[in-house]
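Trainee: I would like to learn how to read the contact between two domains. Can we work through one case?

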Amino acid sequence: MKVLGLESSCDETAAAIVEDGTTILADVVSSQVDVHAKYGGVVPELASRHHVINMVPVIAEALERAGLGLGDIDAIAVTRGPGLVGALLVALQVGKSIAYARGLPLVGVHHLEGHLSAIYLGGGSAPALPHGALLVSGGHTSVIHVLDHCIYRSLGSTRDDAAGEAFDKVAKLLGLGYPGGAVIERIARDGNPQALRLPRPMPKKDELDFSFSGLKTWVLNWVRENGRPTGAALADLCASIQPAVVLSLVSKTRAAVQRMGAREVQLAGGVAANGALREALRQAGEEDGFQLFVPPPRHCTDNAAMIAAAGYFRLVRGERSTWNMNADANLPLPG
Ligand code: KG4
Ligand code: ZN
């Protein structure tokens, strides 16, 4: 089954064609990073407008790269939430239009379910079901028990900022632009992670929720006292920020994995592109006896191949969305 996946929930306009939930025939992502960088974050109205401009060309490019026409597509999968409503509506309406015009089945997908399905792409090794997951993106930070395809149970989430959001806000404070995670990781390579002692954001031991707002406040106060750092001081600050985020993520994941009794765990979402986090969680797995699976970095950040994969698992269960399907900014993860 060849599924055309569409994604426009935030600042990436993406279309992909994936066969049977695993084989990528085309995977096109048009990033709006340059549009939003000067504002230090995504401007919703600008995101929607650029999705309108880019969505159809991105689909045309995906079809061309796959050497296919719309007549070869068997179904459409589209992100229906969570995300920015105006942005979500673009892929949703285009997906509905194509499905209506071609008489194709249509299925709406939860964006995080997409991230959790990226691990099945490309024929690499994937965790068996059920398994544990740490999902870390710009909008979400959750430890999730993946019980089956399409069935999830969240064990803990962030109480305030998401991990990616914390990186982005700190990067903005330091004048490093948007998105911040990759920039901080790059600058951190030249710094000393022990240079500064940041608060380790960990609420009570027996709770599985995360909190990152204290980190942002700490950096804000540091910059007020010391000014914006450059050179070696900036590298030391970035190098000290990274372990503070990583330690909190890894310790809560270890506790959650123990509670689930999971032997296999996946790391998903944009922040999963972070090398320090990947390595720390892999090591934790070695110590605790779980195996870690992580998609390649380009499938950690937003893309439509993951949406096509997630849609496939719903379609083969016979699920179809109706024309009434709407965008939902706060769509809960399907349980
Ligand atoms: O999953 P994603 O592409 O979009 C959302 O669904 O939010 O995640 C984007 C987030 C941004 O906050 C960005 O700063 C973060 O992922 N990110 C990283 C890295 N690459 C992207 N964070 C840490 N290290 C990275 N290498
Ligand atoms: Zn995402």
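**Reading a domain interface**

Mentor: Start with charge pairing: there are zero salt bridges between domain 1 and domain 2. Keep in mind that this is a predicted model.

Trainee: How many residue pairs are in polar contact between domain 1 and domain 2?

Mentor: Five residue pairs, both members at pLDDT 80 or more, make polar contact across the two domains.

Trainee: Which elements give two or more residues to the side of domain 1 that touches domain 2?

Mentor: They are α1 (33-37), α4 (111-117), α10 (297-300) and α11 (305-315). Of these, α4 gives the most, with four residues.

Trainee: How do the residues on that side of domain 1 divide into nonpolar, polar and charged?

Mentor: The side of domain 1 that touches domain 2 has 10 nonpolar, six polar and three charged residues.

Trainee: Where do the domains run along the chain?

Mentor: Domain 1 is made of two segments, 2-118 and 299-315, and domain 2 covers 127-295. Their centres, taken over C-alpha atoms, are 26 Å apart.

Trainee: How many residues of each domain are in contact with the other?

Mentor: Counting heavy atoms within 4.5 Å, 19 residues of domain 1 meet 21 residues of domain 2.

Trainee: What area is buried between domain 1 and domain 2, and what part do carbon and sulfur atoms give?

Mentor: About 1600 Å² is buried between them, and carbon and sulfur atoms give 72% of that area. On the domain 1 side, L112, L116 and C300 supply 39% of the area buried against domain 2, more than any other three residues.

Technical notes:
Residues are numbered from 1 along each chain as its sequence is written. Chains are lettered from A and ligands numbered from 1 in the order in which they are written. This is a predicted model: local features need pLDDT of at least 70, side-chain atom pairs count only at pLDDT 80 or more; totals for chains, interfaces and linings use all residues. Side-chain values use heavy atoms; hydrogens and water are left out. Domain bounds come from an automatic or database domain assignment. Buried area is the accessible area (1.4 Å probe) that two parts lose on being put together, summed over both. A salt bridge is a side-chain nitrogen of Lys or Arg within 4 Å of a carboxyl oxygen of Asp or Glu. A polar contact is a pair of N or O atoms within 3.5 Å; within protein, one must be able to donate a hydrogen and the other to accept it, and residues adjacent in sequence count only if both atoms are side-chain atoms. Ala, Val, Leu, Ile, Met, Phe, Trp, Tyr, Cys and Pro count as nonpolar, Asp, Glu, Lys and Arg as charged, and the others, Gly among them, as polar.
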